[in-house]
Amino acid sequence: MPTVWDEQKGEGEPVAAATVASQILARADSDITFMVHLIGESQNLLVRHFIVFIETELARRGISYGAHPLLRPFIETHARELTDFILQGIGLRHQFGLQTLETMAGDPARLLRVDLWDSLQSHINDAQQHFVSGVGGLQRILVQIETDS
């Protein structure tokens, strides 16, 4: 026998779509959020930024494409991972409830831009520092590969 939610007990049929929609909107202030999601050229800009950043950091340590043929896929993969870190962080950081969006006063677009800029800069710095803190491990792996060859 099917289980019925408490709100629907005693009813022989499922509630109408309009009723469910109304029930969801009644909870909108606590259950509905809008998230910022960067798309298009912004994503590509981040990937390109991290590719150049990683190449520069590795070059400072004497690691170049010529010496390591698998370095390009490594760099591209890590650039995309760092970009995903930024995109997920921005989305999680910038969730707005329906009531917040409805009651924003002043110039909400400008406030949002400043807030987004702060978050983007902070997340990019965090991602770069994370990469730099682990680059020594990559150097050890590459030295090991060279000595095994």
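Here are legends for a set of close-up views of this protein, which is a predicted model.

**View 1. The whole protein, before we zoom in.**
Let's start with the parts list: you should find 6 helices and 2 strands. Walk along the chain from the N terminus and the elements come in the order α-α-β-α-α-β-α-α. The protein has 149 residues, and buried ones make up 26% of them. The surface it exposes comes to about 10,600 Å², with carbon and sulfur atoms supplying 58% of that. How do contacts link up the chain? Take the contacts between residues at least 6 apart in sequence: 76% of them join residues at least 24 apart.

**View 2. A look into the largest nonpolar core.**
This core holds 25 residues. Which of them touch the most other members? That group is Phe50, Ile54, Leu58, Phe74, Ile75, Ile86 and Phe131. Three helices, H3, H4 and H6 (108-148), each put in at least two residues. H4 gives the most, with 8 residues.

**View 3. Ile54 and its company.**
Now pick out Ile54, one of the core residues named in the view before. Skip its neighbours within four places in sequence, and what does Ile54 contact? The list reads Ile75, His78, Ala79, Leu82 and Phe131. Two of these, Ile75 and Phe131, also appear among the core members that touch the most others.

**View 4. Thr83, tucked into helix H4.**
Find Thr83 in helix H4. Is Thr83 buried or exposed? With a relative accessible area of 2%, Thr83 is buried, because buried means under 20%. The side chain of Thr83 reaches the backbone nitrogen of Val47 at 3.4 Å. Val47 is also one of the residues that Thr83 touches, along with Gln43, Leu46 and Phe50, if you leave out residues up to four places away in sequence.

**View 5. A salt bridge between two helices.**
The count for the protein is 5 salt bridges, and here is one of them: Arg72 pairs with Glu55, the closest N and O atoms being 2.9 Å apart. Why is this pair worth a close-up? Arg72 sits in helix H4 (residues 71-93) and Glu55 in helix H3 (residues 41-60), so the salt bridge ties together parts that are 17 residues apart in sequence. Both partners are partly exposed: Arg72 has a relative accessible area of 34%, and Glu55 comes in at 24%.

**View 6. Arg61 with Glu57, and a small network.**
In this salt bridge the closest N and O atoms of Arg61 and Glu57 are 2.9 Å apart. How accessible are the two partners? Arg61, at 27% relative accessibility, counts as partly exposed, whereas Glu57, at 8%, counts as buried. Elsewhere, salt bridges with shared partners join Glu55, Arg72 and Glu76 into one network.

**View 7. Arg48 reaching Glu41.**
Last stop: Arg48 forms a salt bridge with Glu41, and their closest N and O atoms are 2.8 Å apart. Arg48 has a relative accessible area of 42%, so this residue is partly exposed.

Methods: Residues are numbered from 1 along each chain as its sequence is written. This is a predicted model: local features need pLDDT of at least 70, side-chain atom pairs count only at pLDDT 80 or more; totals for chains, interfaces and linings use all residues. Side-chain values use heavy atoms; hydrogens and water are left out. A salt bridge is a side-chain nitrogen of Lys or Arg within 4 Å of a carboxyl oxygen of Asp or Glu. Buried means under 20% relative accessible area, exposed over 50%, partly exposed in between (1.4 Å probe, protein chains only). Helices (H or I, at least four residues) and strands (E, at least two) are DSSP runs, numbered from the N terminus. A nonpolar core is a set of buried Ala, Val, Leu, Ile, Met, Phe, Trp, Tyr and Cys residues joined through side-chain atoms within 4.5 Å. Contact means heavy atoms within 4.5 Å. Accessible areas come from the Shrake-Rupley method with a 1.4 Å probe; for residues, only the protein chains shown count as cover. A polar contact is a pair of N or O atoms within 3.5 Å; within protein, one must be able to donate a hydrogen and the other to accept it, and residues adjacent in sequence count only if both atoms are side-chain atoms.
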